[in-house]
Amino acid sequence: MSSFFFALAATILAPAAGAIISGIDRKLTAWFQGRTGPPVWQPFFDIIKLLGNENRTVNPRQLICVTVYLLSSMAAVFLFFLQTDLLLIFFILTIGAVSFIMAAMSVPSPYSQVGAQRELIQVLTYEPLLLLSFVGFFLVTGTFNISGILAWEEPLLFSLPLVYVALGFALTIKLRKSPFDISASHHGHQEIVKGSLTDFSGPQLAMVEIAHWFEVILILGVFALFWSTGFLAIALFLTITYLAEIIIDNLAARSTWRWMIAYVWPMGLGLILINYIIILTF
């Protein structure tokens, strides 16, 4: 029962943590670009402003799909902190990703349609890497269960270094960071047309942002499985990992979807396959 309440508390606090991380991300990005940037608390102000706007939807299907997207993100975080099965979390994440794409496709705007198609390509690119990375956890620990993975005696990074790199590709795409921010062009924060996000506004856009914060926490949780030897060690490991994501985001130019498929699949799948061979051989 205590694990249930821990998972519930973590799910309640996750959006706040995700918002602070997003604020730090924007502050560091501004610093890299020589700007002062918004305060760390700006994501909270943005969400409050969006929630206060009039609730307009293009059609009822859009609202239903966005709601499913948010609920699936919440469920995935809850199940992760409940230390359940990684495959179950993977399938729930897929439901959320498909719902988001359907929400963008449900409107006639050509910008939204193109953004949704690019989002679909991104999902098809990162999901095999994500699933095969989870298989890597199984090959080392013998279980997909998070509690079993956390019980492993030594950091999994020693056994799965190439899987860690491949998972970095997958999760950079999932976070829609450069060079893989082709579906929403989201990180510029200056573009009127934002791909799959073009036709979201007010409370709906707030729901999408909150769902994204849940995903950020879940992604960091998955990375924490590589080094779960203690709270300080996890915090330091995740700080280094996310800082690397921010640096790559600021150094890399936006890629095309053709470049993404041509490079991410061969490199990601190749790294995972080599790590599999090393595990099974030694």
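Is D46 buried, exposed or partly exposed? With a relative accessibility of 26%, D46 counts as partly exposed. The report below places this residue and several others within a model that is predicted.

## Overall architecture

The protein contains 10 helices and 0 strands. Read from the N terminus, its elements follow the order α-α-α-α-α-α-α-α-α-α. The radius of gyration is 18 Å, close to the 19 Å that the globule rule gives for 282 residues, so the protein is as compact as a globular protein of that length. Along the principal axes, the C-alpha trace spans about 55 × 45 × 40 Å.

Of the 282 residues, 50% count as buried. The surface that the protein exposes amounts to about 13400 Å², and carbon and sulfur atoms supply 73% of that area. Among contacts with a separation of 6 or more, residues 24 or more positions apart account for 77%.

## Helix α8

Helix α8 comprises 23 residues. The distance from its first C-alpha to its last is 33 Å, close to the 33 Å expected at 1.5 Å a residue. In α8, 23 of the 23 residues are buried, so this helix is largely enclosed by the rest of the structure.

One of the residues of helix α8 is E215, which takes part in a salt bridge described below. E215 is itself buried, at a relative accessible area of 3%.

## Salt bridges

The count of salt bridges in the model comes to 5. One of them joins K177 to D25, with the closest N and O atoms 2.5 Å apart. K177 lies in the loop between α7 (161–174) and α8 (202–224) and D25 in helix α1 (residues 2–32), so the pair ties together parts that are 152 residues apart in sequence. Both partners are buried: K177 has a relative accessible area of 3%, and D25 has a relative accessibility of 4%. A network of salt bridges links D25 and K177 with D249.

A further salt bridge connects D46 with R26, where the closest N and O atoms are separated by 3.0 Å. D46 belongs to helix α2 (residues 42–52) and R26 to helix α1, so this pair ties together parts that are 20 residues apart in sequence. D46 is partly exposed, whereas D25, the acidic partner of K177, is buried.

The side chains of K174 and E215 also meet in a salt bridge, at 3.2 Å from N to O. K174 lies in helix α7 and E215 in helix α8, so the pair ties together parts that are 41 residues apart in sequence. K174 is buried at a relative accessible area of 9%, and E215 is buried at 3%.

## The loop between α3 and α4

T84 is located in the loop between α3 (60–81) and α4 (86–105). Its relative accessibility is 19%; because buried means under 20%, T84 counts as buried. A polar atom of the T84 side chain lies 2.9 Å from the backbone oxygen of L79. When residues up to four places away in sequence are not counted, T84 touches L79, I89, F144, N145 and I146.

Q83 also has its place in the loop between α3 and α4. This residue is partly exposed, with a relative accessible area of 32%, whereas T84 counts as buried. Q83 is not a glycine, yet its phi is positive, at about 60°.

## Positive phi and the loop between α7 and α8

Most residues other than glycine have a negative phi. Against this background, R176 is a residue other than glycine with a positive phi, near 55°. R176 is placed in the loop between α7 and α8, which also holds K177.

What is the relative accessible area of R176? The value is 10%, and R176 is therefore buried. K177 is likewise buried, at 3%, and its salt bridge with D25 ties this loop to helix α1. Q83, which also has a positive phi, is partly exposed at 32%.

Terms used: Residues are numbered from 1 along each chain as its sequence is written. This is a predicted model: local features need pLDDT of at least 70, side-chain atom pairs count only at pLDDT 80 or more; totals for chains, interfaces and linings use all residues. Side-chain values use heavy atoms; hydrogens and water are left out. Helices (H or I, at least four residues) and strands (E, at least two) are DSSP runs, numbered from the N terminus. Buried means under 20% relative accessible area, exposed over 50%, partly exposed in between (1.4 Å probe, protein chains only). A polar contact is a pair of N or O atoms within 3.5 Å; within protein, one must be able to donate a hydrogen and the other to accept it, and residues adjacent in sequence count only if both atoms are side-chain atoms. Contact means heavy atoms within 4.5 Å. A salt bridge is a side-chain nitrogen of Lys or Arg within 4 Å of a carboxyl oxygen of Asp or Glu. The radius of gyration is taken over C-alpha atoms; the globule rule is 2.2 Å times the number of residues to the power 0.38. Accessible areas come from the Shrake-Rupley method with a 1.4 Å probe; for residues, only the protein chains shown count as cover. The expected span of a helix is 1.5 Å times one less than its number of residues.
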